[in-house]
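Work through the exercises below with the sequence and the model open. Try each task before reading its solution.

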Amino acid sequence: MKLLAAGLLMALTALAQITAQPAGEKLAPYYPTPDTIVERMLELGQLKPGEKMFDLGSGDGRIVIMAARKYNADATGVELDTDLYLSSQAKIRKLGIEKTARIIHGDILTQNYSAANLITVYLLPESNIKARPILESQLKKGTRIVAHDFGIGGWTPVKTVTIPDDGEGRSHTLFLYVR
Ligand SMILES: C[S@@+](CC[C@H](N)C(=O)[O-])C[C@H]1O[C@@H](n2cnc3c(N)ncnc32)[C@H](O)[C@@H]1O
């Protein structure tokens, strides 16, 4: 009986750890990138098979999933929101791509991106500024960064692409940076 209670307590503690919102500032609301633009981001970032990519604030996981499925990359998302984390992780499991795609339930500003070949980001301008120091200190030379709609203040893009209309009635701007 004692053993059963201890087991139950451990299971409940594990569940609480999974579902509790990690500490961290909400750097942007959830606003997904249309799939056509996701593809343009990954093309602009020249993602190649086997490369490591991170999506900072991964939402429903669409960038991570396309990176793993279509580009055969090793893809990691970071998401603070518990519901988005759980649903995107469930989608990855359902697709059977856990070996090459995963979501970290955590804060963008406390992760390690030193292995990245490509970073994608769709956050607000002031959030990009907050993420900049960690990227500057961690990213290896040659890492590509693709930012959607809002550039990274203080950095000069090597390429800027404007997509007039994605079919949903609004234009998009993509910024490519190389460290
Ligand atoms: C504009 S959405 C972009 C979602 C996805 N990257 C896309 O382009 O479809 C920004 C995402 O960042 C997440 N987010 C905001 N602050 C965060 C933080 N400190 N750490 C991790 N994720 C965060 C939000 O919950 C949201 O899902």
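**Exercise 1. Lay out the chain.** List the elements of the protein chain from the N terminus on.

*Solution.* The order is α-α-β-α-β-α-β-β-α-β-β-β. That comes to 5 helices and 7 strands. Helices (H or I, at least four residues) and strands (E, at least two) are DSSP runs, numbered from the N terminus. The model is predicted: local features need pLDDT of at least 70, side-chain atom pairs count only at pLDDT 80 or more, and totals for chains, interfaces and linings use all residues. Residue numbers start from 1 along each chain as its sequence is written.

**Exercise 2. Assemble the sheet.** Find the strand order and the edge strands.

*Solution.* Start with the order: E3-E2-E1-E4-E5-E7-E6, an open sheet of 7 strands with mixed pairing. Two strands pair if DSSP finds at least two bridges between them. Next, take the edges: E3 (101-105) and E6 (159-163) each pair on one side only. From one strand to the next, the twist averages 20°. Now zoom in on one pair. E2 and E3 run parallel, joined by 5 bridges. There, Ala75 has Ala101 in E3 as its bridge partner.

**Exercise 3. Place two helices on the sheet.** Which strands does H3 lie across, and which does H4 touch?

*Solution.* H3 lies across E1 (52-56), E2, E3 and E4 (118-121). Its direction is at about 175° to E2. H4 (residues 82-95) touches E2 and E3, and makes about 160° with E3. Axes are lines fitted to C-alpha atoms, for helices over the stretch in contact; angles run from 0 to 180 degrees between N-to-C directions. Contact requires C-beta atoms, placed from the backbone, within 7 Å.

**Exercise 4. Trace the core.** Which element gives the most to the largest nonpolar core?

*Solution.* The core has 41 residues. Its members are buried Ala, Val, Leu, Ile, Met, Phe, Trp, Tyr and Cys residues, joined through C-beta atoms within 7 Å. Buried means 20 or more other C-beta atoms within 10 Å of the residue's own. H3 gives the most, with 6 residues. Among the members that touch the most others are Met53, Leu56 and Val64. Follow Leu56: beyond four places in sequence, it touches Val78, Ile108, Ile119, Val121, Leu123 and Ala131.

**Exercise 5. Map the ligand shell.** How many residues surround the ligand, and which are the closest?

*Solution.* The count is 24 (C-beta atom, placed from the backbone, within 6 Å). Leu27, Thr33, Gly57, Gly59 and Leu80 are the closest. H3 (62-69) and E2 (74-79) are the elements that give two or more residues.

Key: A residue is buried if 20 or more other C-beta atoms lie within 10 Å of its own, exposed if 12 or fewer, and partly exposed in between; C-beta atoms are placed from the backbone.
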